[in-house]
Structure formats: C-alpha cells, structure tokens
Protein chains: 2
Amino acid sequence: MPRMSARSLSEFAAIAQLEALFQQASSKVELGIGDDAAVLKSAGRWVWTVDAAVEHVHFERGWLSLADLGFRSFQAAASDVSAMGGAPFAALSSVIFPAHFSAAELAQLARGQRAAARSLGCAIIGGNLSRGTELSVTTTVVGSVQRRALLRSGAIVGDELWLCGELGLSAAGLRLLQAGELRATDQAARRALRSFRRPQAQLTAGLQLARVAHAAIDVSDGLAGDARHLARASGVELLIDLQALAGALSPALRALAPRLGVSPIELALHGGEDYALLATGPRRARPTSARAIGSVTAGSGVWLWDGRRRRRAGRGFEHSSPNTR
Amino acid sequence: MPRMSARSLSEFAAIAQLEALFQQASSKVELGIGDDAAVLKSAGRWVWTVDAAVEHVHFERGWLSLADLGFRSFQAAASDVSAMGGAPFAALSSVIFPAHFSAAELAQLARGQRAAARSLGCAIIGGNLSRGTELSVTTTVVGSVQRRALLRSGAIVGDELWLCGELGLSAAGLRLLQAGELRATDQAARRALRSFRRPQAQLTAGLQLARVAHAAIDVSDGLAGDARHLARASGVELLIDLQALAGALSPALRALAPRLGVSPIELALHGGEDYALLATGPRRARPTSARAIGSVTAGSGVWLWDGRRRRRAGRGFEHSSPNTR
C-alpha cells in the first residue's frame with residue numbers, strides 16, 4: 001500500500017486502475033499509491049483506526065452493491081475518527097477478494113470507497129490486494145485533531161448525554177434485508193435500506209464535539225452497549241431518558257418497527273449498525289448537531305428512565321441482534 | 001482499534017488480553033488500545049503501509065505456529081516501511097479469525113506480533129477483531145523518516161545495485177513445507193524453515209540506505225519482479241551480475257536447492273517470500289549492510305549478466321512460484 005501490493009499480473013493492472021480512481025491531492029500526502037508505502041507530512045496530533053467488513057459476518061453480497069460495500073466500510077472506519085473529534089485526511093484500503101472477483105467488481109468497490117472518502121474530505125492513498133475465500137475490506141484511516149482527541153473517559157457527573165446522528169434505522173434496514181426485502185416498497189423502507197447501505201460518519205458533529213464535549217464514543221453496536229463502554233471508561237453512570245430518545249428517532253423507524261415486530265427503542269438500544277456518536281458535555285455548550293437524550297450521574301452502568309422508574313439497560317447487540325458480527 | 005473493536009463478550013475479553021500483551025510506552029503514542037482510535041503525536045514525515053497475510057493464500061496453519069504467523073505477518077508490513085527508509089514506530093493489527101478460534105490461540109498470534117514489533121522498536125497500539133471463515137492478519141504500520149522517504153523512482157545511471165538481506169532461503173523453506181517437511185532434518189533445512197517462519201525486516205539496512213541510496217524497494221515477490229518495478233519507476237535498466245548474486249546467497253540455500261530440484265539463483269530471482277531490500281546508490285557510499293549485485297544502466301527492464309552474455313530476466317514469482325499468493 002501506498003504501494004497497492006498484489007501478486008499477479010491482473011492484480012497489477014487492477015492497481016493501476018485503482019491509482020487512477022483514487023487520485024486526489026492533499027497537502028498532508030506527499031506520496032500515494034505506487035511505492036512500498038505512502039508518505040505523509042504533518043505536525044501535530046493524529047488519530048488512527050482500522051476496521052474490517054467481512055462477507056457473511058458484516059454483510060452478504062446480495063444485500064448491497066459493491067459500491068455500497070465500499071461506501072459503508074469506509075464510513076465505518078471514518079466513524080471511529082469522528083468519534084475522537086478528528087477530521088479524516090488519509091486512508092489505506094486492504095481488500096481480500098475471492099478468485100472469481102473481476103477488475104470491474106474491484107472498480108465498483110473502489111468507486112464506493114472513493115465516494116465515501118470524498119464526502120469526508122479524505123484521500124485514499126494506497127492499500128493492499130490479496131486473494132482469499134471470502135470478500136473483506138479492511139480500512140485504516142488517519143485523522144487530524146485540532147487541540148486534543150475526544151476520549152471515552154472524560155465524562156463528568158452533571159454532563160448532558162448527547163446523541164449525534166440516527167439510531168436504529170440502519171438495524172431496521174438490516175432486518176429487512178435479512179427478511180429478503182432487498183427493494184423498498186415504501187418511503188420508510190427506502191430510508192432504512194439506504195441507512196444500512198449508505199451510512200454517513202458524523203464528521204461535522206465530531207468536529208463540533210471536539211471543541212466542547214467531555215467524552216465521546218462511536219455508536220456501532222447499539223446505544224446500550226456503547227454507552228456502557230463510555231460509562232465504564234469515565235467511571236460514571238449514564239441515565240438515558242427514553243422519552244427524549246424516542247423523540248430522537250426518525251418517523252421512518254417508527255413506521256417500520258411494527259412491521260419488524262420490534263419496538264423502535266429496542267432497535268435504537270440494541271440494533272447496532274449505526275454510525276452515530278454518543279457524547280457528554282455541559283448543557284450550555286450543546287452543539288447544534290447534538291440532541292440531549294439523558295445525563296451523566298454518579299454511579300456506574302447505563303440506566304433507562306421512562307418518566308416513572310429507572311431500570312438497568314440490558315446487554316446490547318450481542319444478546320438481541322440477528323446479525324452475526 | 002486503537003480501539004480493539006469486537007462484537008461479542010468473549011472478544012471483549014480477548015481485547016483486554018491483547019491490551020495487556022501489547023502494552024508498551026512510546027513517545028509518539030499518546031493513546032493506545034481502549035478508545036475508538038489511537039492517538040499519535042509527531043512532527044515531520046511519516047511512511048505508512050498495510051499488508052495482509054491470508055490463510056490458504058500466504059500460509060497454511062500446518063506450516064507455522066500462530067506465533068510464527070504473527071511474527072511473519074508483522075515483519076512483512078514493517079518491511080515496506082524499511083524499504084522507504086523509515087523506522088516503524090506504531091502499528092494496528094486487524095485479525096479475522098474463524099469461529100473455533102480460541103482466546104489462547106489469539107494470544108499466541110499476538111505474542112508473535114509483539115516479538116516482531118519489539119525487535120523493530122515498534123509499538124502495537126490497537127486493531128480490530130472480526131469473525132470470518134479463514135484466518136487473516138492485516139497489519140498497518142507507520143514509520144518516521146528523518147529527512148526524506150526512499151522511493152523506487154530515484155535510481156540513476158551509474159549507480160551500483162545493492163542487496164540487503166537474504167534471497168531465496170525463505171522460498172526454499174516454503175517448498176519444504178509444501179512438500180510436507182515440517183520439521184528440519186539438517187541445519188540447512190532448519191535455516192530455511194526459520195527464514196520462512198521468522199523473517200526479519202531490514203530495519204538497520206533501511207535506515208543506512210535512507211542516508212545514501214537513490215532508490216529502494218522491498219523484495220518480496222522475487223528479485224526479478226521487484227527489480228522490474230524499480231527499473232520502471234526510475235526509468236532505467238538494472239543489470240544483475242549473476243556471479244555477484246550467487247556469492248550473496250547463503251550456503252544453506254546452496255545446500256538445499258538441489259534437493260528441491262531448482263537452482264539457488266532461480267529461487268533468488270523468482271522464489272518470492274523474501275524480506276530483503278533492493279537499492280541503488282553511488283558505489284563509494286555503499287553501506288555495510290549492502291552487497292553489490294549489479295549496476296544501473298541506461299535502458300529499460302532487468303537483465304542478467306553471466307560473465308559472457310546478457311539476457312533479459314524472465315518474469316518473477318507469477319510464473320514460477322509454487323505458492324498461490
């Protein structure tokens with residue numbers, strides 16, 4: 001990478017194709033695809049992540065186009081950078097592809113990656129290609145942070161709990177796909193499928209949060225589970241106001257959930273598949289992209305408040321999601 | 001990563017285990033495993049690469065221990081950084097593992113990665129864990145370069161052609177493994193198997209080359225093929241002196257090659273699996289780690305000189321290697 005390294009003649013041709021596709025200038029990138037490694041130049045603080053999308057685990061080929069897969073897998077990695085308050089500026093893509101995978105298919109995948117990268121102002125500057133049995137896309141992204149990185153561990157008792165982005169709709173889309181509804185028959189389903197296939201990392205929100213929030217985490221495994229990580233890292237309790245959370249859910253999700261036999265709140269808490277950010281900070285500083293859905297209190301764990309009683313949030317994704325990831 | 005992200009309870013336990021294993025201080029690493037991304041801080045120029053080792057493509061489980069796999073896959077990625085004249089300082093590891101993979105097996109893999117990272121003065125600061133069908137290890141490494149990165153494109157007519165590290169022995173080891181010789185019966189086989197299982201990126205050589213060489217490339221697909229890349233990138237011809245090359249090959253390789261029914265030179269030119277560096281530079285500046293094996297001349301392509309005649313080097317790895325990668 002940076003060399004796109006590969007092991008056969010046709011793969012070398014594929015690399016030339018990718019080089020043309022990914023070509024993009026960036027002041028921090030001195031050298032992109034074509035050598036043993038990419039060369040970056042930048043002072044300051046960087047955040048760095050890697051994320052993998054694996055066939056049969058995170059997706060099935062029938063559920064989304066290769067361009068969707070490229071788009072989605074790229075946003076997933078970028079979402080981690082956003083959760084740290086960073087602006088993604090460069091990425092490497094490592095693709096493992098099955099024997100029958102064609103150059104045209106690789107190009108479709110790459111076009112989706114490129115669309116996602118461009119939407120975030122990020123350059124794809126190299127990668128790696130390998131044969132394998134199942135298709136997987138591993139994306140590593142670096143982002144710059146202005147002053148400091150936004151950690152999971154900074155929440156303070158008295159903070160508001162903030163949500164940036166949408167919860168549950170992508171999980172609803174996944175359930176439609178798992179039920180064989182590959183084409184939307186109405187507006188709500190269309191939005192849910194799009195939410196699964198074309199999620200968007202919360203770049204603007206992440207940058208806003210970086211200035212004012214005390215803590216943040218990428219919500220990708222369901223709100224309850226990821227809130228638990230933030231609570232533990234910060235040594236606090238998070239109290240989620242279910243009415244406020246319900247108010248933050250989209251009409252499309254509320255329309256779809258009954259069809260799926262599950263409550264919208266359940267999908268938000270335990271559905272996973274989201275690319276939202278959960279953050280905490282002082283109420284007076286709440287950014288425009290954030291909605292208040294609760295508060296940070298003394299204690300431990302994640303609690304749900306329905307206006308009358310509080311109960312401990314159940315385990316997230318790992319107990320209730322139909323997905324295998 | 002940096003968060004080690006994962007999707008099930010046992011995986012969260014695995015992450016804690018990895019966090020303990022990989023713990024290492026580094027002045028350039030502000031935050032390692034445990035959040036959404038790692039945080040780095042450094043001024044200057046960085047090189048960045050990603051490399052994947054995929055089961056059934058780059059290795060079979062029976063050929064090497066999981067610690068060997070971790071070691072080998074890490075060195076492969078680091079070798080790209082060395083070829084750019086960089087010093088690896090931080091890495092993320094993304095592992096896709098089959099359903100039956102245990103925490104103990106993950107720890108074995110991680111111990112091999114850690115041993116490789118330590119041998120290079122590099123910290124593993126995060127990664128990603130995903131389920132999958134086949135085992136694969138994708139490693140992304142950043143390295144710092146002092147003044148400039150060493151590119152493939154800088155070779156100048158009149159340069160000497162330099163080899164740092166060993167050629168062919170690892171490919172001989174691979175052939176032994178493919179023939180079912182999993183345990184060495186003599187010293188030569190022992191060295192060849194070790195060369196395949198525990199290769200070492202040319203860190204010192206890369207740093208020496210960074211000061212004096214005009215161009216360099218990581219030799220991992222066979223000398224002939226990688227020399228062709230360097231020649232093309234630099235717009236020059238490379239003339240390899242077969243006698244000098246033969247003199248650079250190890251006694252172990254010369255002892256083993258007849259048993260494998262192949263010439264040592266053939267394994268060096270087309271065997272692949274090496275972690276050597278090929279570089280060019282002025283004869284007077286040749287570093288101690290480099291051996292002269294030819295020269296840079298006007299023209300194009302890679303040529304072999306046997307003392308009497310010159311002939312064009314055949315295609316590398318892709319035509320002659322028994323490996324499937």
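In the predicted model, Val47(A) stands opposite Val39(B), a residue of strand S3(B). This pairing belongs to a junction between the two chains in which strand S4 of chain A, residues 45-54, is joined to S3(B) by four bridges, the two strands running antiparallel.

The contact between the chains takes 52 residues from chain B and 53 residues from chain A. On the side of chain B that touches chain A, the elements giving two or more residues are the strands S3 (38-41), S4 (45-54), S5 (87-97), S6 (123-131), S7 (136-145) and S9 (215-219), together with helix H2 of chain B. Of these, S4(B) provides the largest share, with nine residues. When the residues on this side of chain B are divided by class, 24 are nonpolar, 13 are polar and 15 are charged.

The two copies are related by symmetry, in that chain B can be laid on chain A with an RMSD of 0.0 Å by a turn of 180° and a shift of 0.0 Å along the axis. Because the operation has this form, the relation is that of a two-fold axis. Within chain B, the C-alpha nearest the axis belongs to Ala43(B), which lies 2.0 Å from it. The same surface serves both copies, as 100% of the contact residues of chain B recur in chain A.

Within chain B, helix H5, which spans residues 187-197, has as its buried residues Ala188(B), Arg191(B), Ala192(B), Leu193(B), Ser195(B), Phe196(B) and Arg197(B). In an α-helix there are 3.6 residues a turn, so residues three or four places apart point the same way. The cover over the buried residues of H5(B) includes helix H2 (66-83), helix H4 (169-178) and helix H9 (251-260) of chain B. Helix H2 of chain B thus appears in two settings, as it is also among the elements on the side of chain B that touches chain A.

Two of the covering helices, H4(B) and H9(B), also meet one another, their axes coming within 10 Å and crossing at roughly 35°. The crossing of H4(B) and H9(B) is left-handed. To this contact H4(B) brings Leu169(B), Ala172(B) and Arg175(B), while H9(B) brings Ala252(B), Leu253(B), Leu256(B), Ala257(B) and Leu260(B). By class, the contact of H4(B) with H9(B) consists of seven nonpolar residues and one charged residue, with no polar residues.

Conventions:
Residues are numbered from 1 along each chain as its sequence is written. Chains are lettered from A and ligands numbered from 1 in the order in which they are written. This is a predicted model: local features need pLDDT of at least 70, side-chain atom pairs count only at pLDDT 80 or more; totals for chains, interfaces and linings use all residues. A residue is buried if 20 or more other C-beta atoms lie within 10 Å of its own, exposed if 12 or fewer, and partly exposed in between; C-beta atoms are placed from the backbone. Two residues are in contact if their C-beta atoms, placed from the backbone, lie within 7 Å. Copies are superposed by least squares on the C-alpha atoms of residues with pLDDT of at least 70 in both. Axes are lines fitted to C-alpha atoms, for helices over the stretch in contact, and angles run from 0 to 180 degrees between N-to-C directions. A crossing is left-handed if the near helix is turned anticlockwise from the far one by less than a right angle, and right-handed if clockwise. Ala, Val, Leu, Ile, Met, Phe, Trp, Tyr, Cys and Pro count as nonpolar, Asp, Glu, Lys and Arg as charged, and the others, Gly among them, as polar. Two strands pair if DSSP finds at least two bridges between them.
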